[in-house]
Amino acid sequence: MEKDARPSWDNPMQFVLACVSYAVGLGNVWRFPYLCQMHGGGGFLIPYLIMLFLEGVPLFYLELAIGQKMRLGSIGAWTAISPYLGGVGLASVVTSLYLCLYYNIINAWSFWYLFHSFQSVLPWAECPVNSNRTGPIEECERATPTQYFFYRETLDISSSIEGNGGVHTGQALCLVLAWVITYLFIVRGVKSTGKVVYFTATFPYLVLFIYLIRGVTLHGAMNGVKYMFTPKMEQLADPTTWINAATQIFFSLGLGFGSLIAFASYNQYNNNFERQAIVVSLINSGTSIFASIVTFAIYGFKATVNYENCLERTRVLLLNTFNLAEDTITMDTVYEWTEKLNATYPQQFAEIANKLETCDLESELDTAVEGTGLAFIVYSEAIKNMPVSQLWSVLYFVMLLLLGMGSMLGNVTAIITPLRDFKIVSSTGLKECVFPTGLVCLFCLLLGLGFTTPSGNYWFTMFNDYGATFSLLFIVLIEVIAVSYIYGIRRFEKDIEDMLGHRPNWYWKIMWGFTSPILLIGLFIIYIVKYIQGGTPTYQAWNKELVMVTEYPVFGQVFIGLLLVSSVSCVPLTALYVFCRKRKRGNHHKWERSVNTVST
């Protein structure tokens with residue numbers, strides 16, 4: 001009866017758009033292009049697409065099938081399969097909670113940049129003047145205006161994780177705004193989320209398309225696009241390339257968080273999730289490739305501008321040193337004149353040798369940047385050099401906001417759905433949707449304010465690096481083993497046949513029973529080995545004008561250990577609790593039977 005009364009999507013399209021909005025996130029824009037750059041450009045697409053069909057699509061299908069069959073959130077669904085597996089769902093909820101705590105701070109940064117885009121001169125385009133008004137601020141002059149604006153104006157970052165300080169008021173207000181919007185998007189459950197995803201899932205593509213048109217027309221953009229599609233096939237022999245392809249597929253699709261199970265639980269029982277799993281997976285990967293073309297066009301423009309600026313500085317230095325006429329040396333003849341002057345005036349040339357820069361377009365393109373460094377520094381630096389830079393800035397940060405908000409819908413739904421399933425709010429008298437949603441959003445907001453302190457970015461990095469990776473690998477490995485070998489492939493086949501009218505073909509069964517578990521076990525072992533071999537965990541600290549690699553202090557290392565263990569431990573602890581409870585009940589029943597026998 002409860003299952004029939006469960007709210008559902010208005011139509012299958014809403015479910016598909018919700019999955020697209022959730023899966024297509026910031027990682028498609030700032031992680032995938034970085035991996036392409038690191039692992040041989042277009043050559044990286046080969047392992048990426050292979051891993052998509054060996055790992056991504058089958059596991060995506062599996063989670064949608066579980067959610068639609070059980071019509072419950074992650075905890076309820078896994079408990080229904082086996083009470084001993086309830087910890088898998090609980091681990092998913094804990095991991096989603098960690099993600100919610102820090103993910104919305106990225107949306108807060110996007111709001112901050114968006115609000116600062118409505119100025120005649122973008123604030124990251126040039127260094128601010130010092131208090132004496134005698135020149136630029138020294139810290140900005142030593143770094144770059146874009147780095148200064150991000151690290152000092154946006155984050156007001158401390159020199160280490162041990163630095164103390166109050167909350168950054170501007171960032172705190174932006175974080176409050178991000179959580180208020182998140183709350184409004186999901187306050188009525190799938191009824192409000194289903195309407196919002198029409199916008200959050202489609203508008204980013206419009207912005208990407210506009211950026212593609214603008215990007216490929218920028219000076220030097222083709223240098224970047226050519227760089228992306230020039231494969232370095234020797235990278236295919238490097239195991240790291242395959243490992244990164246597998247992990248990118250895994251995290252890009254959002255597996256293991258419980259969001260997909262929660263979304264699918266609101267489907268009609270006979271909804272064709274098989275086709276939807278394939279469509280959403282292909283859209284997600286297609287978006288990564290599409291976003292990479294846009295990103296590499298921007299890379300090409302930025303690299304070309306930096307390269308030509310370097311040549312211009314060298315040209316001016318040569319003209320001034322050797323008293324040459326202005327038009328003697330052109331950009332195209334800088335290297336030729338450098339060799340000529342070195343051969344003709346070796347003593348005079350030696351005096352400026354330490355001032356000469358090495359200008360190389362290839363090395364500019366080889367500089368790989370990911371994450372916030374790409375989204376808020378590299379892109380900002382490229383945007384400031386575009387004509388009508390304010391327009392492009394507004395479009396870009398609106399796109400980042402929608403990508404981030406779309407992912408937040410799934411993250412919060414993964415937490416709220418189990419709360420509603422267990423009727424935690426049934427005795428409150430408040431509306432079932434409003435109370436848990438508001439409670440979760442307020443809780444995450446209050447804890448998230450810690451990320452707006454001077455050391456907050458270092459804690460953000462810690463959560464980003466250690467809050468989900470290890471636990472998700474473990475969770476999905478347990479999921480696929482549980483379905484294939486505990487619940488049983490044959491029972492799972494019958495469930496799918498009951499919903500779709502046909503059984504899954506041999507491809508799905510081979511992936512679930514053999515290929516995907518082997519891959520996941522391999523990734524899991526590699527992650528543990530790398531973590532052990534890596535020694536003391538490190539982070540990048542901003543020290544006035546440069547980024548320094550610094551070891552985490554003892555309390556940071558302890559906290560990393562807690563992050564790694566806290567969600568994973570839910571699985572064995574829940575199983576142990578259920579075992580002890582059943583054993584206690586069994587002993588209690590035996591005692592009751594013995595009492596009855598004696599009284600008889």
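## Surface, disulfides and charged side chains

Leu 573 is found in helix H27, which covers residues 570–599. In this predicted model, the residue is exposed, because its relative accessible area is 54% and the exposed class starts over 50%. Leu 573 also belongs to a nonpolar patch on the surface, formed with Tyr 84, Leu 576 and Phe 579. Together these residues have about 390 Å² of accessible area.

### Cysteines

How many disulfides does a search of the whole structure find? The search finds two. With bonded cysteines counted along the chain, the disulfides follow the pattern 1-2, 3-4.

One disulfide joins Cys 127 to Cys 140, with a distance of 2.0 Å from S to S. The angle about the S-S bond is -85°, and the link of Cys 127 and Cys 140 is left-handed. The pair links distant parts of the chain, 13 residues apart: Cys 127 is in the loop between helix H7 (86–115) and helix H8 (138–142), and Cys 140 is in helix H8. Cys 127 counts as partly exposed at 22% relative accessibility, whereas Cys 140 is buried, with a relative accessible area of 1%.

Another disulfide joins Cys 310 to Cys 359, with 1.9 Å between the sulfur atoms. Here the angle about the S-S bond is -80°, and the link of Cys 310 and Cys 359 is left-handed. Cys 310 lies in helix H16 (residues 273–322) and Cys 359 in the loop between helix H18 (346–352) and helix H19 (361–366), so the pair ties together parts that are 49 residues apart in sequence. Both Cys 310 and Cys 359 are buried.

Cys 100 is in no disulfide; the nearest cysteine sulfur, that of Cys 444, is 5.0 Å away. Cys 100 is buried, with a relative accessible area of 0%. Why does the sulfur of Cys 570 form no bond with the closest cysteine sulfur? The closest one, in Cys 100, is 16 Å away, which is too far for a bond. Cys 570 counts as buried at 11% relative accessibility.

### Charged side chains

A search of the whole structure finds 13 salt bridges. The table lists some of them.

| Pair | Closest N to O distance |
|---|---|
| Lys 191 and Asp 10 | 3.4 Å |
| Asp 156 and Arg 152 | 3.2 Å |
| Arg 313 and Glu 357 | 2.7 Å |

The salt bridge of Lys 191 and Asp 10 links distant parts of the chain, 181 residues apart. Lys 191 is in helix H11 (residues 190–200), and Asp 10 is in the loop between helix H1 (2–5) and helix H2 (12–23). Lys 191 is partly exposed, with a relative accessible area of 31%, and Asp 10 is partly exposed, with 43%.

For the pair of Asp 156 and Arg 152, Asp 156 counts as partly exposed at 38% relative accessibility, whereas Arg 152 is buried, with a relative accessible area of 16%.

Arg 313 and Glu 357 form a salt bridge. Arg 313 lies in helix H16 and Glu 357 in the loop between H18 and H19, so this pair ties together parts that are 44 residues apart in sequence.

Glu 493, Glu 497, Arg 503 and Lys 509 are linked in a network of salt bridges.

Glu 55, in helix H5 (residues 45–70), is buried yet has no salt bridge. Which side chain of opposite charge is nearest to Glu 55? It is Arg 31, 12 Å away. Not counting residues up to four places away in sequence, Glu 55 touches several residues, including Ala 246, Ile 249, Phe 250 and Ser 516.

Note on methods. Residues numbered from 1 in each chain as written. Predicted model: local features only at pLDDT ≥ 70, side-chain atom pairs only at ≥ 80, totals over all residues. Heavy atoms only, no water. Patch = residues over 30% accessible without salt bridge, like charges linked within 9 Å, V, L, I, M, F, W, Y side chains within 5 Å. Areas by Shrake-Rupley, 256 points an atom, 1.4 Å probe, with all protein chains shown as cover. Salt bridge = Lys/Arg side-chain N within 4 Å of Asp/Glu carboxyl O. Helix = DSSP H or I, 4+ residues; strand = E, 2+ residues; numbered from the N terminus. Buried < 20%, exposed > 50% of the residue type's maximum accessible area, 1.4 Å probe, protein only. Disulfide = S-S within 2.5 Å. Lys, Arg positive; Asp, Glu negative; His and termini not counted. Contact = heavy atoms within 4.5 Å.
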